[in-house]
Amino acid sequence: MIKIVLVDDHAVVRSGLRLLLDAQDDLEVVGEAGNAKDAVFRVRALKPDVMLLDVVMPGETGIAALPELLKESPETKVLVLSMEDDPSYVREAFAAGASGYVLKEAADEELVSAVREIAAGGRYVHPTLGARMVTADAEERAAAEADPLTEREREVLRLLALGHTNQEIAGSLYISVRTAESHRAHIMQKLRLSTRAELVRYALSHRLLADDAS
């Protein structure tokens, strides 16, 4: 029997989830909580196999509470149940220790399957969200390859190409000389350049000096 604790600030949602899960032969809801603070007490006392955790609740969010919840019961698997369909929420939830992420609009069968999947040690993400995450990751990688520099590194590169010294760059950007030198080293390494002339050519080809063209 898979023991489950429900954490959601809406009692009607918890009631619906309890009816759905208790109707399964291998699932049993052993406790409920309406906020993150109460969830900590429930997980400490009940040590459930699975916790269904809402994201948006009064006070502390579900994701913010995840590390503390897992500290109280490391063996508990957490399935985040949310209306948020942005891939960034999914990444944040998994980074905090979640084992699964399901949208509240999901069908009953999907939710039950997700509970069983993570209870068995697997992971689960709503299929549509999984596809979005793959696409978003690919776009981020492509963007990084096209322009590997951070915004601050582009500022430093622009000033270097204009002939400024590390000391002048440090004063202009309100950073230490050592930080300016570190940025320069990182820029050279990322772009695989070795001379100031190469930096100037790169800056010109990427229109980093366009504002000073006049």
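1. Let me start with D26 and R116, which form a salt bridge in this predicted model. Their closest N and O atoms are 2.9 Å apart. The two residues sit 90 residues apart and link distant parts of the chain: D26 lies in the loop between α1 and β2, and R116 belongs to helix α5. Both ends are partly exposed, since D26 has a relative accessible area of 26% and R116 has one of 34%.

2. How many salt bridges does the structure hold? The count is ten. Salt bridges with shared partners join R14, R18, D22 and E32 into one network, and R18 is a good residue to look at next.

3. Within helix α1, R18 pairs with D22, and the closest N and O atoms of this salt bridge are 3.7 Å apart. That value falls inside the limit used here, because a salt bridge asks for a side-chain nitrogen of Lys or Arg within 4 Å of a carboxyl oxygen of Asp or Glu. About one helical turn separates R18 from D22, because they are four residues apart in α1.

4. R18 also meets E32 through a side-chain salt bridge, with an N to O distance of 2.7 Å. This pair links distant parts of the chain, with R18 in helix α1 and E32 in strand β2 (residues 27–33), 14 residues apart.

5. Are R18, D22 and E32 buried, partly exposed or exposed? R18 has a relative accessibility of 27%, so it counts as partly exposed. D22 is likewise partly exposed, at 35%, and E32, at 23%, counts as partly exposed too. For your own check, the partly exposed class lies between the buried cut-off, under 20%, and the exposed one, over 50%.

6. Now for the helix packing. Two packed helices are described by the angle between their axes and the distance between the axes. For helix α1 (residues 11–22) and helix α5 (residues 108–119), the angle is about 70 degrees and the axes are 11 Å apart. The two helices are therefore roughly perpendicular to each other, as angles of 65 to 115 degrees count as such.

7. Which residues make the contact between α1 and α5? From α1 come L17, L20 and L21, and they meet D108, L111, V112 and V115 of α5. By class, this contact has six nonpolar residues, one charged residue and no polar ones. The charged one is D108, because Asp counts as charged whereas Leu and Val count as nonpolar.

Key: Residues numbered from 1 in each chain as written. Predicted model: local features only at pLDDT ≥ 70, side-chain atom pairs only at ≥ 80, totals over all residues. Heavy atoms only, no water. Axes fitted to C-alpha atoms, helices over the stretch in contact; angles between N-to-C directions. Parallel < 35°, antiparallel > 145°, perpendicular 65-115°, else oblique. Contact = heavy atoms within 4.5 Å. Buried < 20%, exposed > 50% of the residue type's maximum accessible area, 1.4 Å probe, protein only.
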